[in-house]
Amino acid sequence: MAILVTGGAGYIGSHTVLALLERGEDVVVLDNLVNASEESLHRVAQLTGKTAAFYPGDIRDSECLARVFGEHQITSVIHFAGLKAVGESVQKPLEYYQNNVAGTLVLLEAMRQAGVHQFIFSSSATVYGEHSPVPYQESMPIGGTTSPYGTSKWMVEQVLQDFAKADPLFSIIALRYFNPVGAHESGLMGEDPGGVPNNLLPYIAQVAIGQREQLSVFGGDYPTKDGTGVRDYIHVMDVAQGHLAAMDHLKQIAGFKAYNLGSGIGYSVLEMVQAFEKASGVTIAYQILPRRAGDLPAFWADAELAKQELGWQVQRGLDVMMRDTWNWQRKNPRGYRS
């Protein structure tokens, strides 16, 4: 019996693989390594003393999926694989729909043929769109998204809801992340964007280590506490633990259910800069630039449903997120290429 983790060599995927192995689960990883490094799985093995079976492959490759399901007794799938940058998705919409939507369809078909009926989907808070009031609650309508990335996640959720209605054997949970940050406390694993980071905290960390001259802050005129965008940040290990809680809950439900994974607290870009400066002792240079297409002024989670039904809530605050990010960046200035 094993759990298939697609995109399991990536940032959130690898930390979840580590948490699964630590709990004694057998894990199979499928990753095309476009946004990941196999070194992350070597670090997982170093930390846990256990290894996950690894297949270098793409979820759009039905033959590869058939081989994975044929060679292992897969009982459930955690689906991380996909492209994930809001800004990039505006420039490359077809790639996002091809990877995130079409790829999930191929994966679901392979699951159906293999008789595997438990599925956790890596969704996003962006599915709530620009018209939802904050804090975001799962009962709110989704849609009205502002980027192809968000739209791709919304489209997959619609597919999953229809699929669950059509096949009562399936148990499906969509986890709507807010903004995962941080790294494993050992400093051996963390976010390795490869090239120019698309997300805030890796960029701050690269400025701190001297790889980037300054941070670009997109938008200083939002209707927020200091004019910069406000987001709900959550430690990556809390996200990983959320997947374990969802795995346990899958056995108790039929159909489709969505849960927010967030802290319920919003921090601005400049608050994040100040918090990182405190953790690292390094001054972060930054410049305010025009707003970026697809970004919203502010959003954060109402995570009460996950607390009530999954028994999950965040355990690590902003200071730990910053400490662990800095620890990872200092020890691995070039990420997994160090």
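**Cavities, a pocket and two cores**

Helices α7 (200–209) and α11 (318–331) each put at least two residues into the lining of the largest cavity. This is a predicted model, and the cavity in question encloses about 80 Å³ of space. Its wall takes in Tyr11, the run Val181, Gly182 and Ala183, then Glu191, Leu201, Pro202 and Ala205, with Thr325, Trp328 and Gln329 rounding things off. By class, that lining splits into 7 nonpolar, 3 polar and 1 charged.

The structure holds 2 cavities of 30 Å³ or more. The second largest, at about 30 Å³, draws at least two lining residues from each of α5 (93–114) and α6 (148–166). Around it sit His79, Ala81, Gly82, Asn100, Thr104, Phe121, Lys153 and Val156, that is, 3 nonpolar, 4 polar and 1 charged.

Turning to open space, the second largest pocket comes in at about 400 Å³. It is lined by 24 residues, of which Asn35, Lys84, Asp192, Pro193 and Gly194 lie closest to its centre. The lining has 10 nonpolar, 9 polar and 5 charged residues.

As for the packing, the largest nonpolar core counts 41 residues, with Val5, Ile78, Leu175 and Trp312 making the most contacts inside it. Elements supplying at least two residues each include β1 (2–6), β6 (171–177) and α10 (304–310), while α8 is the biggest giver, with 9. Trp312 touches several residues far from it in the chain, among them Ile234, Asp238, Asn260 and Ala306. Apart from this core lies another, of 29 residues, including Ala2, Leu30, Leu160 and Ala164.

Key. Residues numbered from 1 in each chain as written. Predicted model: local features only at pLDDT ≥ 70, side-chain atom pairs only at ≥ 80, totals over all residues. Heavy atoms only, no water. Core = buried A, V, L, I, M, F, W, Y, C linked by side-chain atoms within 4.5 Å. Buried < 20%, exposed > 50% of the residue type's maximum accessible area, 1.4 Å probe, protein only. Helix = DSSP H or I, 4+ residues; strand = E, 2+ residues; numbered from the N terminus. Contact = heavy atoms within 4.5 Å. 1 Å grid on protein atoms, 1.4 Å probe; cavity = no way out; pocket = protein on both sides within 12 Å on 5 of 7 lines; lining within 4 Å. Points joined across faces, edges and corners; volume = space filled by probe spheres on them. Nonpolar A, V, L, I, M, F, W, Y, C, P; charged D, E, K, R; others polar. Lists of a residue's contacts leave out its neighbours within four places in sequence.
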